[in-house]
Amino acid sequence: MAAFGLAAVLALAACGGTGSPRAAGQSPATSTPSTAAPTTAAPTTAAPTTAAPTTAAPTTTVPPTTKPKPKKPAEPAELRSGSEGRAVEALQRRLAELGYQVHEADGQFGPETHHAVVAFQKVNRIGRDGVVGPVTRKALERPRVPRPRSRKAGFHVEADLTLQVVYLVRDGKIREILDASSGSGQNYTVRGDVRVAVTPTGDFRIQRKIDAWRKSDLGLLYRPAYFIGGYALHGAYSVPPFPASHGCIRITTTAMDRWFAKLPVGTPMLVYRS
């Protein structure tokens with residue numbers, strides 16, 4: 001009977017749920033339950049860092065950059081009365097360099113520049129229209145250089161009736177070339193007398209001068225310098241690019257204003273056809 005009771009105790013101890021028997025007389029261990037809230041760390045949602053592959057372009061030596069030179073502005077196809085700007089200024093400087101009647105490079109294509117261009121065209125035997133187009137532009141690059149008829153020392157005036165220009169000459173060198181217009185060769189009537197508009201040729205001297213406008217039977221003469229009889233070198237509002245006077249030699253009023261004081265009585269004047 002006692003053996004049966006011991007076997008029963010051992011069987012109960014084997015089914016105690018702990019899986020190991022306790023020592024005799026030992027109290028079961030009672031651990032204090034933990035009251036701390038269990039730590040529940042939030043799951044990490046950041047994407048895993050993956051290093052991007054290096055895609056840097058291979059280094060290449062870049063040649064030093066040079067700024068392109070600014071293009072020269074294209075010149076107008078034509079320059080004429082009313083044109084303005086740097087192209088006109090360059091034209092004026094060129095004409096003055098060659099001895100034509102331009103005395104201020106202001107970039108304005110006015111009457112003085114027009115007459116200078118016409119005089120240049122006359123000397124170079126090209127169209128006398130006062131317009132600087134391809135033909136005149138080319139002539140300006142390689143111009144014809146006129147020579148005076150007389151190379152004597154001192155100052156004198158020459159009028160070339162063929163070219164319709166006047167040269168102001170000092171010590172055998174042409175100092176200035178003026179646009180001019182001489183006798184038209186046409187018939188005209190004055191006081192009932194029919195005459196021919198011809199400018200006399202020869203070796204003359206300035207005989208007298210009038211420092212004012214003079215009204216004659218044939219029209220107005222500005223500051224005339226007479227070289228024989230009633231024939232004078234004088235200023236006029238109209239100086240066309242062809243022979244148009246009654247026999248006098250016309251130049252512009254601007255040119256006459258500049259030269260009147262420089263043409264004393266006695267100044268030699270040659271009038272001829274070239």
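**Exercise 1. The whole protein**

What percentage of the 274 residues in the protein is buried? Then list the helices and strands, the contacts and the surface.

*Solution.*
Step 1. Note that the model is predicted.
Step 2. Take the burial. Buried residues make up 35% of the 274 residues.
Step 3. Count the elements. The protein has five helices and 12 strands.
Step 4. Look at the contacts with a separation of 6 or more. Of these, 51% come from residues 24 or more positions apart.
Step 5. Turn to the surface. The accessible surface is about 18000 Å². Carbon and sulfur atoms account for 56% of that area.

**Exercise 2. The open sheet**

Work out the strand order in the five-stranded open sheet, then find its edges.

*Solution.*
Step 1. Write the order: β3-β2-β1-β12-β6. The pairing is mixed.
Step 2. Recall how pairing works. Strands of a sheet pair through backbone hydrogen bonds, either parallel or antiparallel.
Step 3. Find the edges. They are β3 (173–179) and β6 (202–205). Each has a single partner strand, so one side of each lacks a neighbour in the sheet.
Step 4. Add the twist. From one strand to the next, it averages 20°.
Step 5. Zoom in on one pair. Strand β1 (residues 155–160) and strand β2 (residues 165–170) run antiparallel, joined by six bridges. One residue pair to find is E158 with its bridge partner in β2, Y167.
Step 6. Place the helix. Helix α3 (residues 111–123) packs on the sheet and touches β2 and β3. The direction of α3 makes about 115° with that of β3.

**Exercise 3. Two residues**

Is S182 buried or exposed? Is L220 buried or exposed? Describe the surroundings of each.

*Solution.*
Step 1. Locate S182. This residue sits in the loop between β3 and β4 (187–190).
Step 2. Check the area of S182. Its relative accessible area is 4%. Buried means under 20%, so S182 is buried.
Step 3. Name the contacts. Leaving out residues up to four places away in sequence, S182 touches L161, Q164, T199, P243, A244, S245, C248 and I249.
Step 4. Locate L220. This residue lies in strand β9 (residues 219–228).
Step 5. Check the area of L220. Its relative accessible area is 51%. Exposed means over 50%, so L220 is exposed.
Step 6. Look around L220. Together with W213 and Y237, L220 makes a nonpolar surface patch of about 390 Å².

Key:
Residues numbered from 1 in each chain as written. Predicted model: local features only at pLDDT ≥ 70, side-chain atom pairs only at ≥ 80, totals over all residues. Heavy atoms only, no water. Patch = residues over 30% accessible without salt bridge, like charges linked within 9 Å, V, L, I, M, F, W, Y side chains within 5 Å. Areas by Shrake-Rupley, 256 points an atom, 1.4 Å probe, with all protein chains shown as cover. Salt bridge = Lys/Arg side-chain N within 4 Å of Asp/Glu carboxyl O. Helix = DSSP H or I, 4+ residues; strand = E, 2+ residues; numbered from the N terminus. Buried < 20%, exposed > 50% of the residue type's maximum accessible area, 1.4 Å probe, protein only. Pairing = 2+ DSSP bridges. Axes fitted to C-alpha atoms, helices over the stretch in contact; angles between N-to-C directions. Contact = heavy atoms within 4.5 Å.
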